[in-house]
Each structure stands twice: as C-alpha cells, then as structure tokens.
Amino acid sequence: MTKSFNLKAWLLLLPALSLLVAFTHWPTLKTLWRSVTWARSDVAPSQFVGLENYQLLMDDPVFWQVIENNFWYAVGTVPTSIALAIAMALWVNGKIRHKGLLRLAYFTPTILPMITVANIWLFFYSPGIGLFDQILGSIGIQGPNWLGDPDTALPSLMAMTIWKEAGFFMIFYLAALQTLSPELYDAARLEGAGPWRIFRRITFPLLMPTTLFVLINALLNAFKLVDHLFILTKGGPNNASNLLLYYIYETAFSFLDSYYAATLTVIMLIALALIALVQILMFDRKIHYR
Amino acid sequence: MSNWFQRLSTFSAYLLGVIWIMPLLYAFWAAFHPPEYATQFSLFAPLTLENFVAAWDQAPFYRYMLNTIIITSLILASQLFVCTLAGYALAREKFLGRGIAFALVLTQLMVMPEVLIVENYKTLADLGQIDTHLGVGLPYLASAFGIFLLRQTFKTVPQELEDAARVEGLSGLSLIWKVFVPMAFPTYLAYSLVSISYHWNNFLWPLVVTNTEDSRPLTVGMAIFGAPESGVDWSIISAGTLIAIGPLLALFLVFQRQFIQSFMQAGIK
C-alpha cells in the first residue's frame, strides 16, 4: 500500500488531535509567548518585553530555592522509591506468608487520593500529639517540629511521596519478575550463589528495562506530585519545602502574575523535555514504539 | 547467616506493610471512636458513628461525590470513544503523516495538563467553562496514554480477522465497533480502572477551575474541609476522609485482583 493522504484516518484522529492540540500543544506555545510579554494588569494590552521576565527569574531567590528543593526532592524520592519497589516486589513474589495481604498493603496508597490522605499525615506529623512524636516519645526522644522546621519540612514531604509511589512502582517490578525464568535461578543456586549475589548478578540486571521505565515515571512524579503541599506545608516555612509546580500555582493564582507564572512554566517544560531526552537516549526504541 | 538474613528480610517485609497501611488504619481508628481517643490508643475505647454524622453535616459530601462521579464518568466516556478512534487509525491505517500524528499524541505523556494550568485556565475562561463539570474534564477528554494502549492492542488483531470481517461487509465504524472493540476488552477494563482512580483522586486542576459546590469534586472539597482554619478535629477529618475515599476503596477491595492486574497490564504495554 502506498502512503498517501488518507481522509478516513485523519477524520478518526480529528477528535483526539483537536483536543490534544487545544489543551497541550497550543497552550505550550502560548506559554512560550506569554513568557516574553508583560502587561500592567489583566485588562491592559500586553507588550513584548524580550527576556525581561527571565531576568526577573534569575534575580528571584525563591525561584532558585524552589529549583534546589526540587532537585533534593528528586534525589530523596526517586532512588528510595525504586529500591523499596524492588524489595516489595521480591517479597510479594517470594515464599512469604500472607502474600496477598502484604501486596494489598503495599498497593493501597496508589488508589488513595494524596490530598485526602495528607490530612491523616498532617496528624502523624503534628508536634507532641502526632503519631511520630508519640512513638519517639515512648523511647524518650523529643521529636522535631516536622513540618514547621525548615530542615525537616521537605524530608517530611518526601516520606509521604515515597509512601504514595513505591507500591505503584512495585506493580511493574512484579510484572517483570513473573517473566523471569526459574531455571536461571535453579542454575545459580546449583553454583552455590547466595541470595544477595543472585540479586546482584541476575535479578537486578534483568530488571533493568523496568528500572528505566520506573525511573522516568519517578522523575516525572518529582515534578508533578505536589498535592500534599497544599495540606502539609503550603511550601513553607519560608519556602523551605516549596516545589516548582506549587510555585507556579502560587504565582498564577495567589499572586495573580500570569506572565511570571508562564516564565516558570517554561522552566518546567525544559525540565520535562530533559526527562524525555533521557528516555529517548536510554530506551531501546524497538521495545517500546513498535 | 542465610537464616538470619531470611528472618530480617521477612520482618522488614511485614514492618513495611504495617507502615504502608498505617494511615488508613489510623483513619478507621479515629473515625469510629470519640474524639478524646484520636490521639491515644486504648482497647476499651467505645465505638461511635458520631464523627460520620458530624462530618456529613459540616460539608456537602453528597454534592461533592455527585460532582466527582459526574466528572469521572464524563472523562472516561469521552476518553474511551476518542482514544478508540485515534488508536485504530494509528494502529491499522497507513497514511502520510502518521509518524507526526503519533509524536503529537505522545507529547501529552510528558507535558501533562497539570503543568499547563496557567494557559488552560485562560482557555477555559474564554470558553466560559470555569466552575463547570465540563471545564474540569476538558483537558483530559483525550488521553495520550489511552491512545497508546489501544494502539498497541489493536496492532495485535490478526489481519485475517479484519479481512474476513470486510468480506462480510463490515467497514468503517462498524468494523471498529464489531471486531476491534470486543477484541480489546481487557485493555478497556485496565484503562478504565486506571483512569477512574486517576480522576477520582485528581486535585490541582479541579482546584484551579472550580469555585463553588456546583462543580467541586471530593478532593477539592476535602482540602477545604480539612484546612486548619475550618477548625475541624481529627476524628471528624478521619470520618470525612473515609467518606471521600469509601466508594473507590470499596471498589478496589472488591476488584482487588483486577485492579492490580490492570495496573500491571497498563504498565507493561
């Protein structure tokens, strides 16, 4: 069949493409444009200002703080979530008793809404009466003011993020583990390899494609999972736990500066483009887009 | 040494399981006991349903839940329809520009609507859809993930089957509806469960586009309900939380196996 114009195919694609263009591609272009314009108010006509908004960005200490926070947020959540997900999958796939219950416990956070459960976590973190402080108190340790102290606010958010996503990533490892051949393990055991050696030499390398896939998703989450900020810290104290997407929200809807918010969004888009680039460079395309 | 390692490993597995289920267990504890037991644990704490009554009185849960159900179903219905057509075109039609069309679709996997809240809000304002169910749904009515999943599935339908159906006189939409849709049933189920749990729990975009009870979903309602300013206590918040997550949690517990299978299947593709 020759490749040519195919009206039917385009008609079938029309609803999807028009929706995607209207709410993904077009707003992306509009964001780029808005980031180089400015207006005194929402009703005043906007004018081209070149890179002035970006100059503002460079001079904005909150922006740099947010970027740094986002970096630590990724460093703190991505490897830990992946490691826990692998451990969970190995346990649930192994010979442990009450496998079903355990799998259920690990997976449940995936279907619970972040925002609603954040209320429960808020209680866990509350100074003095909260669960964490009560547990620490029972062994004679005075817990910190988890969410109120700039040193512990961001790590407290990370803990909830890891709790939310590890069980979700476990699923992908579980699926991958079930495709590995048991003969491989029998052979390794015959050779006298211990559990750690088997994991390092066989399981982990064979799980590599899954790890790459999970890595991309974990990195995306590090930028888009900000729901719990609304309940736990609101980015505080003094922006110590503020993240890029939350700062975009604040700038656009609390400070009502859509031009600066657009400039921040461009930074977010650059970050996402970099993640996409990592994905393209690392993935074997044959596996995924055939 | 190996035995010792084994025990430590098993212990960690259960410990992690307990930690992971802790927030939910606590919510049940606090919701079913009087407020004075919210911060202390006693085997003899009396059971009560008062907190549920109080929570139900303090926030329009019924309205929130209705909004969530309307928004989630609206999105799912549209996604299933739109993604089927696009997935079929990308999987089975040969045409100039297919690569570009597919690349355009995949962009949304990376640039999620949440990222573009600033411009999408302005678009919605221009369309006069702020604070409507449709407004909450619009950016999600087409899903790159759904199109991708269905494309992968439709690709596996044997050509002979399609040819046979064409000999029978089927073509166009009826071919898709009678041959491809039934073949992809597990994919539809998997995708639907993933989509429902995503949109039942979605928060940032609904927060931005809703202003009143008329369209506000449970997640946004709960954020307002639980805010410290509104001065609700932990027991009532826990009861409210259980009301909000109840339907999805029940659905999940009943169809646990399907849920986990679905997420697995959606992930492998």
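**Predicted two-chain complex: confidence, interface, core and helix packing**

Chain A of this predicted model has a mean pLDDT (the predictor's confidence in each residue, from 0 to 100) of 86, and 96% of its residues reach 70 or more. Within chain A, confidence is highest in α3(A), at a mean of 94, and lowest in helix α14 (residues 285-288) of chain A, at 45; helices (H or I, at least four residues) and strands (E, at least two) are here DSSP runs, numbered from the N terminus. Over residues 286-290 of chain A the pLDDT is below 50, and this stretch has two contacts in the model beyond near neighbours in sequence, a contact being a pair of residues whose C-beta atoms, placed from the backbone, lie within 7 Å. For chain B, the mean pLDDT is 87, with 95% of the residues at 70 or more; among the elements of chain B, α3(B) has the highest mean, 94, and helix α14 (residues 256-268) of chain B the lowest, 75. The complex as a whole is given an ipTM of 0.87 and a pTM of 0.88 by the predictor.

Residues are numbered from 1 along each chain as its sequence is written, while chains are lettered from A and ligands numbered from 1 in the order in which they are written. As the model is predicted, local features need pLDDT of at least 70 and side-chain atom pairs count only at pLDDT 80 or more, whereas totals for chains, interfaces and linings use all residues.

Chain A contains 14 helices and two strands, and its C-alpha atoms fill a box of roughly 75 × 75 × 30 Å along the principal axes. Of the 290 residues in chain A, 42% are buried; a residue is classed as buried if 20 or more other C-beta atoms, placed from the backbone, lie within 10 Å of its own, as exposed if 12 or fewer do, and as partly exposed in between. Among contacts in chain A between residues at least 6 apart in sequence, 67% join residues at least 24 apart.

The contact between the two chains takes 68 residues from chain A and 69 residues from chain B. On the side of chain B that touches chain A, helix α1 (residues 2-32) of chain B gives the most, with 11 residues. By class, that side of chain B has 49 nonpolar, 16 polar and four charged residues, where Ala, Val, Leu, Ile, Met, Phe, Trp, Tyr, Cys and Pro count as nonpolar, Asp, Glu, Lys and Arg as charged, and the others, Gly among them, as polar.

The largest nonpolar core (a set of buried Ala, Val, Leu, Ile, Met, Phe, Trp, Tyr and Cys residues joined through C-beta atoms within 7 Å) has 155 residues, and those with the most contacts inside it are A16(A), A85(A), F169(A), M170(A), Y173(A), I248(A) and A86(B). Helix α7 (residues 150-177) of chain A gives the most to this core, with 16 residues. Residues up to four places away in sequence being left out, A16(A) touches V82(B), C83(B), L85(B), A86(B), V105(B), A142(B) and I147(B).

In chain A, the axes of helix α3 (residues 61-93) and helix α10 (residues 208-224) come within 9 Å and cross at roughly 145°; axes are lines fitted to C-alpha atoms, for helices over the stretch in contact, and angles run from 0 to 180 degrees between N-to-C directions. The contact of α3(A) with α10(A) has 11 nonpolar, four polar and no charged residues. In chain B, helix α3 (residues 61-92) and helix α10 (residues 185-201) pack at an angle of about 145°, with their axes 10 Å apart. This contact is made by T68(B), I71(B), T72(B), I75(B), L76(B), Q79(B) and L80(B) of α3(B) and by Y188(B), S192(B), S195(B), I196(B), H199(B) and W200(B) of α10(B), and its residues divide into seven nonpolar, six polar and no charged.

Elsewhere in chain B, L124(B) lies in helix α5 (residues 117-127) and counts as buried because it has 22 C-beta neighbours inside 10 Å. Apart from neighbours within four places in sequence, L124(B) is in contact with Q129(B), I130(B), G135(B), L138(B) and V209(B).

Most residues other than glycine have a negative phi. K234(A), although not a glycine, has a positive phi of about 50°; K234(A) is placed in the loop between α11 (227-232) and α12 (244-254) of chain A and, with 15 C-beta neighbours inside 10 Å, counts as partly exposed. N238(A), in the loop between α11 and α12 of chain A, likewise has a positive phi, near 50°, and is exposed, with 11 other C-beta atoms within 10 Å.
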